[in-house]
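Here are some questions a bench biochemist might put to a model like this. Each answer sets a value against a cut-off and concludes.

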Amino acid sequence: MKKQKAEKTNVMRIIEQHKLPYESHDYSQSGAISGMEVVEALGQQPGQMFKTLVTQGASKSYYVFMVPVDGELHLKKAAKAVGEKSIAMIKSKELLPLTGYIHGGCSPIGMKKQFHTTIHHTAQDYPTIFFSGGKIGCQIEMSLSDLQQIVPVECADII
């Protein structure tokens with residue numbers, strides 16, 4: 001019996017266009033929903049797996065923040081990191097039209113428009129990090145420096 005090939009996402013195609021190494025991890029059969037459930041399903045460290053959050057600043061500009069799945073975005077620190085007076089999470093219903101992704105499958109790679117992206121500085125502590133592959137049930141593993149070749153990502157204390 002042939003092994004079924006994993007379905008490629010746009011995120012994977014973009015990474016491959018840049019000829020960068022990555023690994024995709026499928027957890028769709030695990031029933032995992034929350035970040036911590038995904039960590040358990042893949043047997044990884046919570047600090048190494050990042051969730052992608054989309055916010056809007058007081059200036060009406062949009063920002064993307066990547067924080068470890070066991071952490072919470074600190075809105076004041078995040079606003080300071082991007083030079084905003086304040087920021088707020090966007091509503092879930094705004095996510096798909098704005099980014100092209102649904103809640104739980106939002107990736108920093110391949111959004112409809114490239115937004116200013118900041119990752120928590122602890123990402124620098126790991127040889128590779130995990131983030132959404134663009135759909136629920138798929139995580140991408142790659143180095144932060146390789147991610148930064150596709151998306152300009154700044155590091156800051158945002159939790």
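**Reading the labels**

Just after H2, Gly-43 takes a positive phi of about 65°. This is a predicted model.

Q: Why is Thr-118 called buried?
A: Buried means under 20% relative accessible area. Thr-118 has 1%, so the label buried applies. Thr-118 is found in strand S5, residues 116-120.

Q: What does Thr-118 touch, not counting residues up to four places away in sequence?
A: Contact means heavy atoms within 4.5 Å. By that test Thr-118 touches Val-64, Phe-65, Met-66, Val-82, Val-153, Glu-154, Ala-156 and Ile-158.

Q: Which residues of helix H2 are buried?
A: In H2, residues 35-42, the buried ones include Val-38, Val-39 and Leu-42.

Q: Why are the buried residues of H2 said to line one face of the helix?
A: Look down the axis of H2. The buried residues fall within an arc of 105°, so they line one face. Their cover includes strand S1 (23-26) and strand S7 (138-142).

Q: What makes Glu-16 and Lys-8 a salt bridge?
A: The cut-off is a side-chain nitrogen within 4 Å of a carboxyl oxygen. For Glu-16 and Lys-8, the closest N and O atoms are 3.0 Å apart. The pair therefore qualifies. Glu-16 is partly exposed at 32% relative accessibility. Lys-8 is partly exposed too, at 35%.

Q: How do you know that Glu-72 and Lys-51 meet in a salt bridge?
A: Their N to O distance is 3.8 Å. The limit is 4 Å, and therefore the pair counts. This pair links distant parts of the chain, 21 residues apart. Glu-72 sits in the loop between S3 and helix H3 (75-82), and Lys-51 in strand S2.

Q: Why is Glu-72 called exposed, and Lys-51 partly exposed?
A: Exposed means over 50%, and partly exposed lies between that and 20%. Glu-72 has 62%, so exposed is the word. Lys-51 has 25%, so partly exposed fits.

Q: What makes Asp-157 and Lys-77 a pair that ties together parts of the chain?
A: The side chains of Asp-157 and Lys-77 meet in a salt bridge, 3.3 Å from N to O. Asp-157 lies in the segment after strand S8 (153-156), and Lys-77 in helix H3, so the parts tied together are 80 residues apart in sequence. Asp-157 is partly exposed at 37%. Lys-77 is partly exposed at 31%.

Q: How many salt bridges does a search of the whole structure find?
A: The search finds three.

Q: Why is Ile-136 called partly exposed?
A: The bounds are 20% and 50%. Ile-136 stands at 48%, so partly exposed is the right label. Its place is the loop between strand S6 (129-132) and S7.

Q: Which residues form a nonpolar patch on the surface?
A: Leu-96, Ile-102 and Ile-136 form it, with about 270 Å² of accessible area together.

Q: Which residues have the most contacts inside the largest nonpolar core?
A: They are Ile-109, Met-142 and Leu-147, in a core of 28 residues. Elements giving two or more residues to this core include helix H1 (10-17), helix H4 (92-99) and helix H5 (144-150). A second, separate core has eleven residues, among them Leu-53, Val-67, Leu-73 and Ile-158.

Terms used: Residues are numbered from 1 along each chain as its sequence is written. This is a predicted model: local features need pLDDT of at least 70, side-chain atom pairs count only at pLDDT 80 or more; totals for chains, interfaces and linings use all residues. Side-chain values use heavy atoms; hydrogens and water are left out. Buried means under 20% relative accessible area, exposed over 50%, partly exposed in between (1.4 Å probe, protein chains only). Helices (H or I, at least four residues) and strands (E, at least two) are DSSP runs, numbered from the N terminus. The arc is that of the directions from the helix axis to the C-beta atoms. Patches are made of residues with over 30% relative accessible area and no salt bridge: like charges are joined within 9 Å, nonpolar side chains (Val, Leu, Ile, Met, Phe, Trp, Tyr) within 5 Å. Accessible areas come from the Shrake-Rupley method with a 1.4 Å probe; for residues, only the protein chains shown count as cover. A nonpolar core is a set of buried Ala, Val, Leu, Ile, Met, Phe, Trp, Tyr and Cys residues joined through side-chain atoms within 4.5 Å.
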